[in-house]
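Reader: I'd like to learn how to read a model like this one, feature by feature. Can we go through it together?

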Amino acid sequence: MRLLGFIILLAALALGFTSPFMLIDPQSFIFVVGLTTAGLLASFGRDASFSAVFSRCPNRQAILLGIATCERGKSIAVISGMLGVFVGLVIMLNNMDDPSALGPGMAICILTMLYGLILGYGVFLPLCAGLWQKLEDCEE
């Protein structure tokens with residue numbers, strides 16, 4: 001059911017626009033995912049774990065580590081989206097004399113925030129909620 005919810009989220013975003021391809025910006029995606037991955041590796045090192053998400057009934061330590069990883073990932077994803085907004089604004093302000101160059105800066109500005117919110121609240125938050133549920137189920 002969780003996978004179905006994620007698929008519905010992506011479909012709703014894609015169908016809500018006249019062209020779903022207008023939401024695709026590789027630079028913004030790499031920026032957000034790269035910063036989030038780097039932040040998780042800096043925070044947890046090799047201990048960053050999502051194994052509890054895919055295991056039927058993992059031990060308590062694995063679930064707690066997964067919860068901490070997901071909560072930190074949500075925070076870092078949203079923060080990386082905000083950093084992308086500032087990078088996009090700098091690009092826009094540097095190109096104020098060339099109106100044709102304002103578009104790419106605006107795309108980076110808006111889409112990085114969108115990607116950060118989708119990653120934080122559309123991926124990490126449901127994973128974290130699922131792990132909390134798994135923790136309750138495995139303790140019974």
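Reader: Let's start with Val53: what does its relative accessibility make it count as?

Author: The general idea is that buried means under 20% relative accessible area and exposed means over 50%, with partly exposed in between. Val53 has 21% relative accessibility, so it counts as partly exposed. You'll find Val53 in helix H3, residues 51-54. Keep in mind that this is a predicted model.

Reader: How far apart are Val53 and Leu83 in space?

Author: Sequence and space are separate questions, so to speak, and here you get both numbers. Val53 and Leu83 sit 30 residues apart along the sequence, and their C-alpha atoms are 28 Å apart. Leu83 belongs to helix H4, and at 41% relative accessible area it is partly exposed.

Reader: Which residues make the nonpolar surface patch?

Author: Leu83 is one of them, and its partners are Leu35, Ile79, Met82, Phe86 and Leu89. Together they give a patch of about 520 Å². Helix H4, residues 60-94, supplies the largest share, with five residues.

Reader: OK, zoom out for me. How many helices and strands are there?

Author: Five helices and zero strands. Read from the N terminus, that gives α-α-α-α-α. The C-alpha atoms fill a box of roughly 65 × 35 × 15 Å along the principal axes. Of the 140 residues, 32% are buried.

Reader: Now H2. What should its 19 residues span?

Author: Take 1.5 Å a residue, counted for one less than the number of residues. For H2, residues 26-44, that comes to 27 Å, and the end C-alpha atoms lie 26 Å apart, so the two agree.

Reader: Which residues of H2 are buried?

Author: Ser28, Val32, Thr36, Gly39, Leu40 and Phe44. They sit on the same side of H2, because they cover an arc of only 105 degrees around the axis. The general idea behind that spacing: an α-helix has 3.6 residues a turn, so residues three or four places apart point the same way.

Reader: And what does the face turned away from the buried side carry?

Author: That face of H2 carries exposed residues, namely Pro26, Gln27, Ile30, Leu41 and Ala42.

Reader: What follows H2?

Author: Gly45 does, and its phi is positive, near 65 degrees.

Reader: On to H5. Is Thr112 buried or exposed?

Author: Use the same reading as before: under 20% is buried. Thr112, in helix H5 (residues 102-139), has a relative accessible area of 1%, so it is buried.

Reader: Which backbone atom does the side chain of Thr112 reach?

Author: The backbone nitrogen of Val85, at 3.4 Å.

Reader: What about Phe124, buried or exposed?

Author: Phe124 is also in helix H5, and with a relative accessible area of 7% it is buried. For a distance to set beside the Val53 and Leu83 one, look at Phe124 and Ser75: they are 49 residues apart along the chain, and their C-alpha atoms are separated by 9.1 Å.

Notes: Residues are numbered from 1 along each chain as its sequence is written. This is a predicted model: local features need pLDDT of at least 70, side-chain atom pairs count only at pLDDT 80 or more; totals for chains, interfaces and linings use all residues. Side-chain values use heavy atoms; hydrogens and water are left out. Helices (H or I, at least four residues) and strands (E, at least two) are DSSP runs, numbered from the N terminus. Buried means under 20% relative accessible area, exposed over 50%, partly exposed in between (1.4 Å probe, protein chains only). The arc is that of the directions from the helix axis to the C-beta atoms. Patches are made of residues with over 30% relative accessible area and no salt bridge: like charges are joined within 9 Å, nonpolar side chains (Val, Leu, Ile, Met, Phe, Trp, Tyr) within 5 Å. Accessible areas come from the Shrake-Rupley method with a 1.4 Å probe; for residues, only the protein chains shown count as cover. A salt bridge is a side-chain nitrogen of Lys or Arg within 4 Å of a carboxyl oxygen of Asp or Glu. A polar contact is a pair of N or O atoms within 3.5 Å; within protein, one must be able to donate a hydrogen and the other to accept it, and residues adjacent in sequence count only if both atoms are side-chain atoms.
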